[in-house]
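Hi,

Here is the structure I promised to pass on. Have a look at it first, and then read on for what turned up.

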Amino acid sequence: MYNETTDLITIEDMCSILLIGRNTAYRLLKSKKIKAFRIGKVWKIPMSAIDEFILSESNLSKK
C-alpha cells in the first residue's frame, strides 16, 4: 500500500537518518528546508522530502 515516496516519518526517524540533533531538525522544519506538516503537535515528514533535502544539500540534484 505504501512505498518509499509516500511513507511518513517522525522527528526521531529524521534525526537518525540525517545524523542530526532535535534542535537542528526543528530548525530545518521551521525554515521549510525540509517540507513537512503537523498534526496537532506532531510533525509528519514525507520520506521523499528527506530525499529531496539530501540531494539539494549534496548538489546531486537533477538539473
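A starter for you: does Glu 12 count as buried, exposed or partly exposed? At 45% relative accessibility, Glu 12 goes down as partly exposed. Keep in mind throughout that this is a predicted model.

First, the layout. The chain is built from three helices and three strands, and from the N terminus the order reads β-α-α-β-β-α. Out of 63 residues, 25% count as buried. Among contacts with a separation of 6 or more, 43% are between residues 24 or more positions apart. The exposed surface comes to about 4900 Å², and carbon and sulfur atoms supply 55% of that.

Back to Glu 12, since that residue has a partner. Its side chain meets the one of Arg 22 in a salt bridge, at 2.7 Å from N to O. The two sit 10 residues apart, with Glu 12 in helix α1 (residues 11-18) and Arg 22 in helix α2 (residues 22-30), so distant parts of the chain are linked here. Arg 22 is also partly exposed, with a relative accessible area of 40%.

The count of salt bridges is two, and the other one joins Glu 52 and Lys 35, at 3.7 Å from N to O. Glu 52 belongs to helix α3 (residues 47-57), while Lys 35 is in the loop between α2 and β2 (37-39), so this pair ties together parts that are 17 residues apart in sequence. How covered are these two? Glu 52 is partly exposed, at 44% relative accessible area, whereas Lys 35 is exposed, at 57%.

Now for the inside. The largest nonpolar core has 15 residues, and those that touch the most other members are Ile 11, Met 14, Leu 29, Ile 34, Ile 45 and Ile 50. Which elements give two or more residues to this core? They are α1, α2, β3 (42-46) and α3.

Ile 45 is a good residue to click on. Leaving out residues up to four places away in sequence, Ile 45 touches a list that includes Leu 8, Ile 9, Ile 11, Met 14, Leu 29, Ile 34 and Ile 50. Lys 35, from the second salt bridge, is also among the residues that Ile 45 touches.

Helix α1 deserves a look of its own. Its buried residues are Ile 11, Met 14, Cys 15 and Leu 18. Looking down the axis of α1, you will find these within an arc of 100°, so they line one face of the helix. What do they pack against? The buried residues of α1 pack against β1 (8-9), α2, β3 and α3. Just after α1 comes Leu 19, which has a positive phi, near 55°.

One last item, on the surface: Leu 8, Phe 37 and Ile 39 make up a nonpolar patch, with about 290 Å² of accessible area together. Leu 8 is in strand β1 and is partly exposed, with a relative accessible area of 47%. Leu 8 is also one of the residues that Ile 45 touches, and Ile 45 is in turn a member of the largest nonpolar core.

Cheers

Definitions and conventions: Residues numbered from 1 in each chain as written. Predicted model: local features only at pLDDT ≥ 70, side-chain atom pairs only at ≥ 80, totals over all residues. Heavy atoms only, no water. Salt bridge = Lys/Arg side-chain N within 4 Å of Asp/Glu carboxyl O. Helix = DSSP H or I, 4+ residues; strand = E, 2+ residues; numbered from the N terminus. Buried < 20%, exposed > 50% of the residue type's maximum accessible area, 1.4 Å probe, protein only. Core = buried A, V, L, I, M, F, W, Y, C linked by side-chain atoms within 4.5 Å. Contact = heavy atoms within 4.5 Å. Arc of directions from axis to C-beta. Patch = residues over 30% accessible without salt bridge, like charges linked within 9 Å, V, L, I, M, F, W, Y side chains within 5 Å. Areas by Shrake-Rupley, 256 points an atom, 1.4 Å probe, with all protein chains shown as cover.
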